[in-house]
Structures are given as structure tokens and as C-alpha cells.
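Colleague: I've got this one open on my screen and I'd like to go through a single part of it slowly. Could you walk me through the pockets and what sits around them?

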Amino acid sequence: MKPITDLMRSYASYHRDPRNKATHFIGVPLIVYAIFLLLSISELAGTENFPIPVTAATVGFTICLIYYATLDLRLALLQLPFSALPLYLANETANLVPPLEALWIFAATFVGGWAIQFVGHYFEGKKPALFDNIMQVFNAPLFLAMELAFACGWREDLRKAVEAGPAA
């Protein structure tokens, strides 16, 4: 597993323009919500009486959170609004609307989130990072947390490492 500095340096190299970064604060949560909604349509068998819905989305969220925590616990916690809130909303949506309607909501938010992202990459003049490495999709919520940390004056150590040069 690559260190957080390498992952964020690589991801950040596709996201230098402030307008592109701004679009990601809208597009990434929409895409995360859409994916969680798709994965929340059905609860996993045998988990109906659990206190929280156990869906493919909650399993994926847990795995990602563990992955993020192994990379950088502080960023993992800071990124929670960018993944936990969409997970909650996706579970609520899946419980409130019929599956077919949930699929339409998934499609609309997924396409809308990507459209917003592509506008940002138009400003950037670069293709999205995941076009070069599909695994970059998992780095987007951490990138938002990193940008938030930088805006608050936190994590100067990471800022210096990210700005030090090209990705390893």
C-alpha cells in the first residue's frame, strides 16, 4: 500500500485549479451518494433486525473507512461527512422509495455528479485521475478532507509533502 503522501500527491496533480477543486466538493459527494444508493437497495439477508441497515453500501463504507484509517487516521475522520452523510441519505432513500425509483435517483445523481466533475476538469485542462488509474476513485473523499485540512491551516506536513513534487 502506498503512503498517503504518494496517493494525495498523485491525485492532487490532477486537481490544481481552484474551480476544479470546488466542483469536486459537490460532485464527489453526489457520486458517493449515488453509489451508496445503488448498493443500499437491498439489505443483506439475515441482517433485517440489526440496529443499522446492513447493505453492500455499509459493508463498502466500512472497508473504505478502515482503508482510510490505515493511511491517515486524522484524514479518515475528517472525510466522514463526505461519505457517512451520503451513506445515511442513501439508506434513507432506499427505505423510502421503491427500487425502480431508487434506480432513477441513482442514475440522475451519478450522471449529475460526473457532469459537475467534468466541468471542473474542463477548467483544469486535464482528464480525471481515474482515467489513468481507476483506483483513484477511492482517493476522492480523502482528497476533499485534505483540501479542507489545508484550508483550515492543518496538516502542513502533508501540504509540504504533496506540494514537493510529482507523484512517486
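To begin with, which helices each supply at least two residues of the lining of the largest pocket?

Modeller: Keep in mind that this is a predicted model. The helices you're after are α2 (18-40), α3 (56-71), α5 (80-96), α6 (99-124) and α7 (140-151), each of which puts at least two residues into the lining of the largest pocket. The top contributor is α2, which gives 7 residues to that lining. The space inside comes to about 420 Å³. Around it there are 28 lining residues, and V32, I35, V137, F138 and P141 are the ones closest to the centre. As for chemistry, the lining of this pocket splits into 20 nonpolar and 8 polar residues, with no charged ones.

Let's stay with α2 for a moment, and take V28 as a way in, since V28 belongs to that helix. With a relative accessible area of 4%, V28 falls under the 20% cut-off and so counts as buried. If you skip the neighbours within four places in sequence, the contacts of V28 are Q117, A140, P141 and L144. P141 is a name you've already met, as one of the residues closest to the centre of the largest pocket. A140, P141 and L144 are also among the buried residues of α7. For a sense of distance, try C152: V28 and C152 sit 124 residues apart in sequence, and their C-alpha atoms are 20 Å apart.

That takes us to α7. This helix has 12 residues and runs 17 Å from its first C-alpha to its last, close to the 16 Å expected at 1.5 Å a residue. Most of α7 is covered, with 10 of the 12 residues buried. Besides the three that V28 touches, the buried set in α7 includes L142, F143, A145, M146, E147, A149 and F150. The cover over those buried residues includes α1, α2, α3, α4 (73-78), α5 and α8 (156-163).

Past the end of α7, have a look at the backbone. G153 comes just after the helix and takes a positive phi of about 80°. R155, in the loop between α7 and α8, also has a positive phi, about 60°, although R155 is not a glycine. R155 counts as buried because its relative accessible area is 12%, under the 20% cut-off. C152 is partly exposed, because its relative accessibility of 41% lies between the 20% and 50% cut-offs.

Now for the second largest pocket, which holds about 210 Å³ of space. It has 13 lining residues, and those nearest the centre are L7, Y67, M135, F138 and N139. You'll recognise F138, which is also listed among the residues closest to the centre of the largest pocket. Here the helices that each supply at least two lining residues are α1 (4-12) and α3. The class make-up of this lining is 7 nonpolar, 4 polar and 2 charged residues.

On the α1 side, 8 of the 9 residues are buried, so α1 is largely enclosed by the rest of the structure. L7, one of the residues nearest the centre of the second largest pocket, is in that buried group along with I4, D6, M8, R9, S10, Y11 and A12. The buried residues of α1 pack against α2, α3, α4, α7 and α8. Follow the chain on from α1 and you reach S13, in the loop between α1 and α2. S13 is partly exposed because its relative accessible area is 22%, between the 20% and 50% cut-offs. From there, check K126: S13 and K126 are 113 residues apart along the chain, yet 9.5 Å separates their C-alpha atoms.

On the α3 side, one residue to click on is C64, which is found in that helix. C64 counts as partly exposed because its relative accessibility is 21%, between the 20% and 50% cut-offs. C64 and A12 are 52 residues apart in sequence, with 20 Å between their C-alpha atoms. And in case the cysteines had you wondering, the structure holds 0 disulfides.

Technical notes
Residues numbered from 1 in each chain as written. Predicted model: local features only at pLDDT ≥ 70, side-chain atom pairs only at ≥ 80, totals over all residues. Heavy atoms only, no water. 1 Å grid on protein atoms, 1.4 Å probe; cavity = no way out; pocket = protein on both sides within 12 Å on 5 of 7 lines; lining within 4 Å. Points joined across faces, edges and corners; volume = space filled by probe spheres on them. Helix = DSSP H or I, 4+ residues; strand = E, 2+ residues; numbered from the N terminus. Nonpolar A, V, L, I, M, F, W, Y, C, P; charged D, E, K, R; others polar. Disulfide = S-S within 2.5 Å. Buried < 20%, exposed > 50% of the residue type's maximum accessible area, 1.4 Å probe, protein only. Expected span 1.5 Å × (residues − 1). Contact = heavy atoms within 4.5 Å.
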